[in-house]
Amino acid sequence: MFGKLFRRNKEQVKLFYNTDVHCHILPGVDHGSQSIEQSLDMLRAEAEMGIKRVILTSHVTAITFENTRETLTDAFLKLKDAVTDEGMDMELFLSAEYRMDEYFDKEYAADHLIPMPGNHILLENSFQQELMNLDELLFDMQVKGYRTILAHPERYPYYSRRHKRYEQLHNAGARFQINILSFTGYFGEEARESALWLVKNGLVDYLGTDMHNVKHAHIIMDYINSKEWKKMSRDLEATVKNDFITD
Ligand SMILES: [Fe+2]
């Protein structure tokens with residue numbers, strides 16, 4: 001409530017990049033947006049932060065969200081129409097956030113993945129343990145021409161206690177996408193500390209909102225008005241890719 005009032009009186013600080021590579025704005029396909037109206041509210045918040053291109057990365061996970069190209073494309077076309085009707089200046093791209101599980105194995109083997117422009121794929125680990133053959137999978141995907149991005153590495157507790165592993169994975173060609181929400185402490189102190197460590201060590205390739213609802217957007221909007229963000233942005237600008245299509 002206070003955040004909202006505060007924001008109205010203050011000009012919203014813009015992000016220093018213009019593409020959000022991770023969000024759950026596509027309506028009705030996971031536990032993110034549940035309606036076109038919610039999606040439009042979230043996109044308005046993105047625009048307020050200076051975002052001009054949004055990659056829609058809905059969950060693709062075994063059992064809970066077994067989305068396919070068809071389910072995602074259907075929702076994507078509806079959202080695109082609504083954005084056009086609203087006259088909103090926002091470029092949308094369809095991709096997904098792939099949990100590396102048995103459903104992913106099937107989709108990958110069948111060549112059903114939906115990459116972002118530039119052939120990037122956003123991959124999510126399990127929160128309980130790292131995928132056993134992660135290194136092999138990353139290698140295999142890169143050989144096939146994919147650019148692999150690990151979603152929010154700061155959020156996996158088993159890495160927070162093993163920072164060396166971040167360096168190994170990054171050296172193995174995984175790019176890292178950090179959630180701005182993690183800096184706010186939204187996912188706990190451990191995730192925040194790991195996120196700060198990744199910034200300090202120059203390992204942040206992409207930033208994402210990972211927003212599931214407009215409340216997430218408001219937390220991010222408040223945070224990027226902070227002094228901490230302003231100071232950190234200078235370091236981040238050196239490593240965060242500005243053109244995700246060619247970088
Ligand atoms: Fe996500």
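Start with how the chain contacts itself: among contacts between residues at least 6 apart in sequence, 78% join residues at least 24 apart. Keep in mind that this is a predicted model. Buried residues account for 40% of the 247 residues in the chain.

On to the overall build. There are 11 helices and 7 strands in the chain. Its radius of gyration is 17 Å, close to the 18 Å that the globule rule gives for 247 residues, so the chain is as compact as a globular protein of that length. If you lay the C-alpha trace along its principal axes, it spans about 50 × 40 × 30 Å.

Now for the sheet. It's an open one of 7 strands with parallel pairing, and you can read the order straight off as S1-S2-S3-S4-S5-S6-S7. Strand S1 (19-20) and strand S7 (206-208) stand at the edges; each has a single partner strand, so one side of each is left without a neighbour in the sheet. For S7, look at strand S6 (residues 175-179): the two run parallel and are joined by 3 bridges. In one of these strand-to-strand links, Ile 178 has Leu 207 in S7 as its bridge partner. Elsewhere, helix H3 (residues 69-86) lies across strand S2 (53-60) and strand S3 (91-99), at about 150° to S3.

Finally, zoom in on Ser 39, which sits in helix H2 (residues 36-48). Is Ser 39 buried or exposed? With 27 other C-beta atoms within 10 Å, Ser 39 is buried, because the cut-off for that is 20 or more. Leaving out residues up to four places away in sequence, Ser 39 touches Ile 25, Leu 26, Pro 27, Ser 33 and Leu 79. His 24 lies 15 residues from Ser 39 along the chain, and their C-alpha atoms are separated by 8.7 Å.

Technical notes. Residues are numbered from 1 along each chain as its sequence is written. This is a predicted model: local features need pLDDT of at least 70, side-chain atom pairs count only at pLDDT 80 or more; totals for chains, interfaces and linings use all residues. Helices (H or I, at least four residues) and strands (E, at least two) are DSSP runs, numbered from the N terminus. A residue is buried if 20 or more other C-beta atoms lie within 10 Å of its own, exposed if 12 or fewer, and partly exposed in between; C-beta atoms are placed from the backbone. Two residues are in contact if their C-beta atoms, placed from the backbone, lie within 7 Å. Two strands pair if DSSP finds at least two bridges between them. Axes are lines fitted to C-alpha atoms, for helices over the stretch in contact, and angles run from 0 to 180 degrees between N-to-C directions. The radius of gyration is taken over C-alpha atoms; the globule rule is 2.2 Å times the number of residues to the power 0.38.
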